[in-house]
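Hi,

Here is the structure I said I would pass on. Have a look at it first, and my notes on what turned up are underneath.

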Amino acid sequence: MQFFCYHRDRPGSAALREKLVEEHWSYMDRYSAQLIARGPTLDGDTATGSVHIVDLPDLAAARAFAFDEPNFQAGVYRDVMLRRWRNVLGRTMWDFPGGREGGNRYLVLGLGTGQAADLVPPSDRRDDLIAHGPLLSDDGVTWLGTAALIRATDRDTARTVLAQDRYASIEVHDWEFGGRR
């Protein structure tokens, strides 16, 4: 089962996050074979959150992954979004043909209800999509939105990867490939 996990940073937690960077990376190393994508959301050079898309056996394992994470345990994060997810591209971020560097990268997060939207990524954007898939209820049945990681020229262009009229809200965050540096 695939899960989308978005830890949002608590304001003023940058120093604590920096102090725990090795613990965070070591924790994520334990999941390297299960990770589909990972990386921080940013405001300039300041991290505002962490995205992890991971394939785990069940919801209990996903909850343990999200809530045992060292930054969460230490209070870096103010909240966690944990949703079932489906990898419609069928690849990891490491398989992205655009590579780790070059161009602006964004997390586009659309939250909605009702009839599912954007279950199939737009074919004209496929070369820029790093990850794309629906956010689902715990049982994997109900559509709750869509999450995409995309390379785009700017935030407004990134936002257009989702059908604007199908979501209660769409968030766009600067994002970069995560992992050890």
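**Gly-99 and its contacts**

Once neighbours within four places in sequence are set aside, Gly-99 is in contact with Arg-105 and Phe-177. Before going on, please keep in mind that this is a predicted model. Gly-99 sits in the loop between E4 and E5. Its relative accessibility is 25%, so Gly-99 counts as partly exposed. If you want a long span to check in your viewer, try Gly-99 to Asp-156: the two are 57 residues apart along the chain, and their C-alpha atoms are separated by 22 Å.

**The chain as a whole**

Stepping back, the protein chain has five helices and eight strands. Read from the N terminus, the order of elements is β-α-α-β-β-α-α-β-β-β-β-α-β. The radius of gyration comes out at 15 Å, close to the 16 Å that the globule rule gives for 181 residues, so the chain is as compact as a globular protein of that length. Along the principal axes, the C-alpha atoms fill a box of roughly 40 × 35 × 30 Å.

A few more totals for your notes:

- Buried residues make up 48% of the 181 in the protein chain.
- Of the contacts with a separation of 6 or more, 76% are between residues 24 or more positions apart.
- The exposed area is about 8500 Å², with 48% of it supplied by carbon and sulfur atoms.
- There are 22 positive and 26 negative side chains, and the centres of the two sets lie 1 Å apart.

**The cores**

Which residues touch the most other members of the largest nonpolar core? They are Phe-4, Ile-53, Trp-85, Leu-149 and Trp-175, out of 19 residues in that core. Two or more residues each come from strands E1 (2-9), E2 (35-43), E3 (46-55), E4 (77-85), E5 (104-111), E6 (129-136) and E7 (143-152). The biggest contributor is E6, which gives three residues. There is also a second, separate core of 15 residues, with Leu-89, Val-108, Trp-143 and Ala-152 among them.

Two members of the largest core are worth clicking on. Phe-4 is in strand E1. Is Phe-4 buried or exposed? Its relative accessibility is 0%, so Phe-4 counts as buried. Beyond four places in sequence, Phe-4 is in contact with Val-51, His-52, Ile-53, Met-81, Leu-82, Arg-83, Trp-85, Leu-107, Leu-109, Leu-135 and Ala-147. As a distance check, the C-alpha atoms of Phe-4 and Asp-43 are separated by 21 Å, with the two positions 39 residues apart along the chain.

The other is Ile-53. With neighbours up to four places away left out, Ile-53 is in contact with Phe-3, Phe-4, Gln-34, Leu-35, Ile-36, Ala-37, Trp-85, Ala-131 and Leu-149.

From the second core, I picked out Ala-152. Ala-152 lies in strand E7, and its relative accessibility of 10% makes it count as buried. Its contacts outside the four-place window are Asn-104, Tyr-106, Arg-125, Thr-157 and Ala-158. Ala-152 and Gly-114 are 38 residues apart along the chain, and their C-alpha atoms are separated by 28 Å.

**Two charged residues**

Arg-38 caught my eye. Arg-38 is placed in strand E2, and at 7% relative accessibility it counts as buried, the cut-off being under 20%. What does Arg-38 touch, leaving out residues up to four places away in sequence? The list is His-24, Trp-25, Met-28, Val-51, His-52, Met-93, Trp-94, Trp-175, Glu-176, Phe-177, Gly-178 and Gly-179. Phe-177 also turned up above, as a contact of Gly-99. From Arg-38 to Val-141 it is 25 Å, C-alpha to C-alpha, and 103 residues in sequence.

Then there is Asp-118, in the loop between E5 and E6. Asp-118 has a positive phi of about 55° although it is not a glycine. With a relative accessible area of 17%, Asp-118 is buried too, again by the under 20% cut-off.

That's what I have for now.

Cheers

Terms used: Residues are numbered from 1 along each chain as its sequence is written. This is a predicted model: local features need pLDDT of at least 70, side-chain atom pairs count only at pLDDT 80 or more; totals for chains, interfaces and linings use all residues. Side-chain values use heavy atoms; hydrogens and water are left out. A nonpolar core is a set of buried Ala, Val, Leu, Ile, Met, Phe, Trp, Tyr and Cys residues joined through side-chain atoms within 4.5 Å. Buried means under 20% relative accessible area, exposed over 50%, partly exposed in between (1.4 Å probe, protein chains only). Helices (H or I, at least four residues) and strands (E, at least two) are DSSP runs, numbered from the N terminus. Contact means heavy atoms within 4.5 Å. The radius of gyration is taken over C-alpha atoms; the globule rule is 2.2 Å times the number of residues to the power 0.38. Accessible areas come from the Shrake-Rupley method with a 1.4 Å probe; for residues, only the protein chains shown count as cover. Lys and Arg count as positive and Asp and Glu as negative; His and the chain ends are not counted. The place of a charge is taken as NZ of Lys, CZ of Arg, CG of Asp or CD of Glu.
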